[in-house]
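Work through these exercises with the sequence and the model side by side. Try each task before reading its solution.

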Amino acid sequence: MTTVKISPAVPERPALAAEIAQLRELDVSTLRARWRIVFRKNAPPRLTRHLLIRVLAYRLQADRLGDLDAESLRLLSTSPQQVSARVTERRRGQIRLRPGTVLAREWKGQMQRVAVVADGFAWNGTTYSSLSRIACVITGTRWNGPKFFGLRDKGAKGPSQ
């Protein structure tokens, strides 16, 4: 019969917190030595003391409490350009308005109408690149344009004035 070792249900967080607190008391050379032990290579030469502490503290926590899941690690390993492209594509996919669509919103007793055109949004004879800019001009404060015109969060459209 094989024996199975079961780890404690609650990790010893106070001991971990104390070990991380000890890192804060070490000088840079000692932190670099600790880095060599933990990562089996030298720390990057320009890494500052506070970043050495943060990375070592993260590694302590990950070793004791578990590291990130595979999906999070994959996301972090992608380049910023790839992440930016995904976010831009997601934003484009949220609201698809065809040229010729007219958006209307009453504000302070006046009906505001915005026409969707090929290169943006037309309001009062001027073409704007975003609905948010139009909402800002209308209200005098910063607004999320799609929300202001009722394209997002229909239940929480904001009060008409």
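The model is predicted. Of the 161 residues in the protein chain, 22% count as buried. The chain holds 7 helices and 4 strands.

**Exercise 1. The overall layout**

Task: State which pattern the protein chain follows along the sequence, and what share of its accessible surface belongs to carbon and sulfur atoms.

Solution:
- Step 1. Read along the sequence. The pattern is α-α-α-α-α-β-β-β-β-α-α.
- Step 2. Take the accessible surface. The total is about 12100 Å². Carbon and sulfur atoms account for 53% of that surface.
- Step 3. Turn to contacts between residues at least 6 apart in sequence. Of these, 32% join residues at least 24 apart.

**Exercise 2. The strands**

Task: Determine in which sense β1 and β2 pair, and over how many bridges. Then do the same for β2 and β3.

Solution:
- Step 1. Locate β1 at residues 102-107 and β2 at residues 110-117. They pair in the antiparallel sense over 6 bridges.
- Step 2. Pick a bridge to check by eye. L103 has V114 in β2 as its bridge partner.
- Step 3. Look at the connection. β1 and β2 form a hairpin, with 2 residues between them.
- Step 4. Move on to β3, residues 120-123. β2 and β3 are also antiparallel, with 3 bridges. Here V116 stands opposite F121 in β3.
- Step 5. Check this connection too. β2 and β3 form a hairpin with 2 residues between them.

**Exercise 3. Helix α2**

Task: Find which residues of α2 are buried, and why they lie on the same side of the helix.

Solution:
- Step 1. Check the length. α2 has 12 residues and reaches 16 Å from its first C-alpha to its last. That is close to the 16 Å expected at 1.5 Å a residue.
- Step 2. List the buried residues of α2: L31, R32 and W35.
- Step 3. Look around the axis. The three cover an arc of only 100°, so they sit on the same side of α2.
- Step 4. Ask what they pack against. The partners are α1 (13-24) and α3.

**Exercise 4. Positive phi values**

Task: For R40 and K108, say where each residue lies. Then decide whether each is buried or exposed.

Solution:
- Step 1. Recall the background. Most residues other than glycine have a negative phi.
- Step 2. Take R40. Its phi is near 60°, a positive value in a residue other than glycine. R40 comes just after α2, in the loop between α2 (28-39) and α3 (49-65).
- Step 3. Classify R40. The cut-off for exposed is over 50% relative accessible area. R40 has 78%, so R40 is exposed.
- Step 4. Take K108. Its phi is positive as well, near 50°. K108 lies in the loop between β1 and β2, in the turn of their hairpin.
- Step 5. Classify K108. Its relative accessibility is 55%, so K108 counts as exposed.

**Exercise 5. R133 and F121**

Task: Place R133 in its helix, classify its exposure, and give its C-alpha distance from F121.

Solution:
- Step 1. R133 is found in α6, residues 131-139.
- Step 2. Its relative accessibility is 44%, so R133 counts as partly exposed.
- Step 3. Compare sequence and space. R133 and F121 are 12 residues apart in sequence. From C-alpha to C-alpha they are 9.8 Å apart.
- Step 4. Tie this to Exercise 2. F121 is the residue in β3 that stands opposite V116.

Terms used
Residues are numbered from 1 along each chain as its sequence is written. This is a predicted model: local features need pLDDT of at least 70, side-chain atom pairs count only at pLDDT 80 or more; totals for chains, interfaces and linings use all residues. Side-chain values use heavy atoms; hydrogens and water are left out. Two strands pair if DSSP finds at least two bridges between them. Buried means under 20% relative accessible area, exposed over 50%, partly exposed in between (1.4 Å probe, protein chains only). The expected span of a helix is 1.5 Å times one less than its number of residues. The arc is that of the directions from the helix axis to the C-beta atoms. Contact means heavy atoms within 4.5 Å. Accessible areas come from the Shrake-Rupley method with a 1.4 Å probe; for residues, only the protein chains shown count as cover.
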